[in-house]
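Biologist: Mind walking me through this one? I'd like to hear what stands behind each label.

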Amino acid sequence: NENLTLYAVWKPNTYTVTFNANGGTGAPGNQTKTYGVTLTLSSTKPTRTGYTFQNWNTKSDGSGTSYNAGASYTGNSAITLYAIWKAITYTVSYNANGGTGAPNNQTKTYGITLTLSSTKPTRANYTFLGWSTSATDTTATYSAGSSYTNNAATTLYAVWKLAYTKPVIANLT
């Protein structure tokens, strides 16, 4: 009759950390968090055309707790982290191209149509025809107040047409 002592072997609880690309692609795979042990979150960042990855957040709209890629997670619970994105912006600038009164720069946001300024520059003896992406164009691509949909920075140059011509004396006898 021998005495046998049994000892309990405890396995710590584990929790799953899930990453959601939230409209992007390339989220890291799930990670396992062990109770009481700090987890280093994946440093992999997802991608999304037209957007810059900001951080991970416990809420898909970014209103929860934020975590940077590669940050420490100390919570002892399962969690889903959502990618938070910031749309890329582009500067649309204006050049009066020999005139005066060009509008101020505008900011174009990726995927959103920009209404160009309705401000028209002036130039003595010339008529403003609109805007073009080249300083030497003779026809306008855009009119004041029209839509700009390109996802790119640009400088728009005023296009001018001579409105004054010197009088010509003809049939003088």
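Modeller: Sure, starting with a sheet: 4 strands make up an open one, ordered β9-β8-β13-β11, with mixed pairing. Bear in mind that this is a predicted model, where local features need pLDDT of at least 70, side-chain atom pairs count only at pLDDT 80 or more, and totals for chains, interfaces and linings use all residues. Residues are numbered from 1 along each chain as its sequence is written, and side-chain values use heavy atoms, with hydrogens and water left out.

Biologist: What makes β9 and β11 the edge strands?

Modeller: β9 (106-109) and β11 each pair on one side only. From one strand to the next, the twist averages 30°; axes are lines fitted to C-alpha atoms, for helices over the stretch in contact, and angles run from 0 to 180 degrees between N-to-C directions.

Biologist: How do you know that β8 and β13 pair?

Modeller: Strands are DSSP runs of E, at least two residues, numbered from the N terminus, and two of them pair if DSSP finds at least two bridges between them. β8 (residues 89-95) and β13 (residues 154-162) have 4 bridges, in the parallel sense, so they pass that cut-off. Tyr 94 stands opposite Leu 156 in β13.

Biologist: What about β4: in which sense does β4 pair with β7?

Modeller: Antiparallel, over 6 bridges, with Phe 53 opposite Trp 85 in β7. β4 is also joined to β5 (residues 66-67) by 2 bridges, again antiparallel, so that link counts as pairing too, at least two bridges being the requirement. There, Asn 57 stands opposite Ser 66 in β5.

Biologist: Why is Gln 106 called buried?

Modeller: Buried means under 20% relative accessible area, exposed over 50%, and partly exposed in between (1.4 Å probe, protein chains only). Gln 106 comes out at 17%, so buried is the right word. This residue lies in strand β9 and touches, among others, Tyr 90, Val 92, Leu 114 and Leu 116, not counting residues up to four places away in sequence; contact means heavy atoms within 4.5 Å.

Biologist: What makes the Gln 106 and Tyr 94 side chains a polar contact?

Modeller: That takes a pair of N or O atoms within 3.5 Å; within protein, one must be able to donate a hydrogen and the other to accept it, and residues adjacent in sequence count only if both atoms are side-chain atoms. The two side chains make their contact at 2.4 Å, so the distance cut-off is met.

Biologist: Why are Asn 22 and Asn 125 called partly exposed?

Modeller: Asn 22 has 24% and Asn 125 has 45%, so both values fall between the 20% and 50% limits. Asn 22 sits in the loop between β1 and β2 (31-34), with a positive phi of about 50° although it is not a glycine. Asn 125, in the loop between β10 (114-115) and β11 (126-132), has a positive phi of about 70°, and is not a glycine either.

Biologist: What goes into the largest nonpolar core?

Modeller: A nonpolar core is a set of buried Ala, Val, Leu, Ile, Met, Phe, Trp, Tyr and Cys residues joined through side-chain atoms within 4.5 Å. The largest has 12 residues, including Val 17, Phe 53, Trp 56, Ala 83 and Trp 85. β1 (14-20), β4 (51-57) and β7 (79-87) each supply at least two of its residues, and the largest share, 4 residues, is from β7. Apart from it lies another core of 11 residues, among them Val 92, Tyr 94, Leu 116 and Trp 131.
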